[in-house]
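Reader: I'd like a close look at one part of this structure, the aromatic contacts, with a word on where to be careful. Could you walk me through it?

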Amino acid sequence: MESAADKANQPRRTSVWLEGKPAARGRKSERSDHPTGLGRDRIISVSVRLLDAEGPEKFSMRRLAAELGVTAMSLYWYVDTKDDLLELALDSVFSEIGTADDERGTTDGEAAGTEGPGSEPGSDPDPDPDTGSDWRDDLRALAGSYRALLVRHPWVSALVGKFLNVGPHSMEFSAAVLRVMRRTGLPAHGQMGALASVFQFVYGFGTIEGHFVQRCADAGMTQDQYYRHAMGRMSEQREYQGRFEQAEEMMEARGGDTVEEMRERDFTFALELLIAGIEAMRARG
């Protein structure tokens, strides 16, 4: 391991992925004095499990070591810092984002004739050369998969902005998004703005959804129970009554019998608005 003085004299670290091959950084673990059965993959897997259960605030090398049944110092045969480990864990969960075809669950024959606004055969300005799929369907699939990741692992949203996200799985996701954007027919100077509008929306939506799901679990309630409890308490408060009645009208018009159904309608409608916006900007040239 490096001493504190050695680290102080080094330039500030930018990413574990830019400090030499991460897979090669564990070579020191080949020494005979490292714990038997402990490897980087296992460390990352248990880290993800702890982050899911307790969040990044409670995550520590000491807590991780206790879960693995080793000393905290033994972990440093595999990673130099806690941030390095968090960055490795973050990239590992991005492997859960499948391809657009995986998310749609379509066959090659179905992909060319998917239904949806503007997705009639022949309307796609640049169909996927491999599957003939519509860019709109591929964008919906990637957006939905990213949202699911943020809900499944609520800690991801806090770390995405902290690190550069240049690991192999994160880069694969980014490349898939860019491929879809290039097929929208938008001019090159507008493609990054369109990408930001869609995936910043998904990030915000998925972050709030993930935190709500976690809050309900912490309270020992289902999402519907928590929602009814909160709405009931708000309706009892005089200062909230006027605003509550207006919001209630909008929620009833939205439809859906459960919180998840209502949220799904909101997400789908908002995403369709963004896709329509891309189509409109493309038409402007």
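Before the rings, how many contacts beyond four places in sequence does the model have for residues 103–122, and where does pLDDT stay under 50?

Author: Sure, let's do the caveats and then the rings. This is a predicted model, so confidence comes up before geometry. For residues 103–122 the model has 34 contacts beyond four places in sequence, and pLDDT stays under 50 over that stretch. Residues 24–33 are another run where pLDDT stays under 50, here with 18 contacts beyond four places in sequence. For the chain, mean pLDDT comes out at 83, with 78% of residues at 70 or more.

Now the rings. Searching the whole structure turns up nine aromatic pairs. One of them joins F173 and F199: the ring centres are 5.9 Å apart and the planes sit at 85°, so this pair counts as edge-to-face. F173 belongs to helix 9 (residues 168–182) and F199 to helix 10 (residues 188–218), so the pair ties together parts 26 residues apart in sequence. Both F173 and F199 are buried.

Further along, F212 and Y226 make another edge-to-face pair, with 5.6 Å from centre to centre and 85° between the planes. That pair also links distant parts of the chain, 14 residues apart: F212 is in helix 10, while Y226 is in helix 11 (residues 223–236). F212 has a relative accessible area of 17%, and the cut-off for buried is under 20%, so F212 counts as buried.

Back to F173 and F199 for a moment: ring pairs link them with F94 and Y146 into a cluster. There's a charge-and-ring arrangement to look at as well. The charged end of R147 sits over the ring of F267, 4.4 Å from the ring centre.

If you want a spot away from the rings to look at, try V46 in helix 2 (residues 40–54). V46 has a relative accessible area of 7%, which means it is buried. Setting aside neighbours within four places in sequence, V46 is in contact with L64, E67 and L68. Measure from V46 to A89 and you'll get 9.2 Å, C-alpha to C-alpha, for residues 43 apart in sequence.

Note on methods:
Residues are numbered from 1 along each chain as its sequence is written. This is a predicted model: local features need pLDDT of at least 70, side-chain atom pairs count only at pLDDT 80 or more; totals for chains, interfaces and linings use all residues. Side-chain values use heavy atoms; hydrogens and water are left out. Helices (H or I, at least four residues) and strands (E, at least two) are DSSP runs, numbered from the N terminus. Buried means under 20% relative accessible area, exposed over 50%, partly exposed in between (1.4 Å probe, protein chains only). Contact means heavy atoms within 4.5 Å. pLDDT is the predictor's confidence in each residue, from 0 to 100. Rings of Phe, Tyr and Trp (its six-membered ring) pair if their centres lie within 6.5 Å; planes under 30 degrees apart count as stacked, over 60 as edge-to-face and the rest as tilted. A charge sits over a ring if NZ of Lys or CZ of Arg is within 6 Å of the ring centre and within 35 degrees of the ring normal.
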